[in-house]
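I opened my notebook today to look up a few things in a structure, one at a time. Come along and check each entry against the picture.

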Amino acid sequence: MLRNGLEPWHLLIVAIVVIVLFGSKKLPDTARSLGRSMRILKSEAKALKDENAADPAPGTQTQARTAAPVDAD
């Protein structure tokens, strides 16, 4: 049934339907908004990746010990 998958004329029909539904005036604004959202998502993902790379692995953390004063009587 779906042996050929998505062909170019399928994409053309989808594009025409999108233009009819949303109108040609709203499409540039929608594309601009989508681009901004993708940039924000990309920057947040990069920030998380950088943050995880900066932190050592949880199993290798060493805790600093403070020496308690010893009373020599």
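**Entry 1: Val18.** I started with Val18 and found it in helix α1. A reminder to myself: this is a predicted model, and I read every value with that in mind. Is Val18 buried, exposed or partly exposed? I looked up its relative accessibility, which is 31%, so Val18 counts as partly exposed. Partly exposed covers the range between 20% and 50%. Next I asked which residues Val18 touches once its neighbours within four places in sequence are set aside. The list holds Gly23 and Leu27.

**Entry 2: Ile19.** I moved on to Ile19, which also sits in helix α1. Its relative accessible area is 43%, so I noted Ile19 as partly exposed. Leaving out neighbours within four places in sequence, I found Ile19 in contact with Ser24 and Leu27. Leu27 rang a bell, and I looked back to my first entry: Leu27 is on the contact list of Val18 as well.

**Entry 3: the helix itself.** How far apart are the end C-alpha atoms of α1? They are 21 Å apart. I checked this against expectation: with 15 residues at 1.5 Å a residue, α1 should span 21 Å, so the two agree. The helix runs over residues 8–22. Right after α1 comes Gly23, and I noted that its phi is positive, near 80 degrees. Gly23 is also one of the residues that Val18 contacts.

**Entry 4: a nonpolar patch.** Which residues make the nonpolar surface patch? I wrote down Trp9, Ile13, Val14, Val17, Val18, Leu21 and Phe22, and the patch they make is about 680 Å². I picked out Trp9 for a closer look and found it in helix α1. Trp9 has a relative accessible area of 48%, so it is partly exposed. I was pleased to meet Val18 again among the patch members.

**Entry 5: a salt bridge.** How many salt bridges does the structure hold? I found one. It joins the side chains of Arg32 and Asp29, with 2.9 Å from N to O. Why are these two about one helical turn apart? Both belong to helix α2, residues 26–54, and they are separated by about one turn because they are three residues apart. In an α-helix there are 3.6 residues a turn, so residues three or four places apart point the same way. Last, I looked up how open the partners are. Arg32 is partly exposed at 44% relative accessible area, and Asp29 is partly exposed at 46%.

Key. Residues are numbered from 1 along each chain as its sequence is written. This is a predicted model: local features need pLDDT of at least 70, side-chain atom pairs count only at pLDDT 80 or more; totals for chains, interfaces and linings use all residues. Side-chain values use heavy atoms; hydrogens and water are left out. Patches are made of residues with over 30% relative accessible area and no salt bridge: like charges are joined within 9 Å, nonpolar side chains (Val, Leu, Ile, Met, Phe, Trp, Tyr) within 5 Å. Accessible areas come from the Shrake-Rupley method with a 1.4 Å probe; for residues, only the protein chains shown count as cover. A salt bridge is a side-chain nitrogen of Lys or Arg within 4 Å of a carboxyl oxygen of Asp or Glu. Helices (H or I, at least four residues) and strands (E, at least two) are DSSP runs, numbered from the N terminus. Buried means under 20% relative accessible area, exposed over 50%, partly exposed in between (1.4 Å probe, protein chains only). Contact means heavy atoms within 4.5 Å. The expected span of a helix is 1.5 Å times one less than its number of residues.
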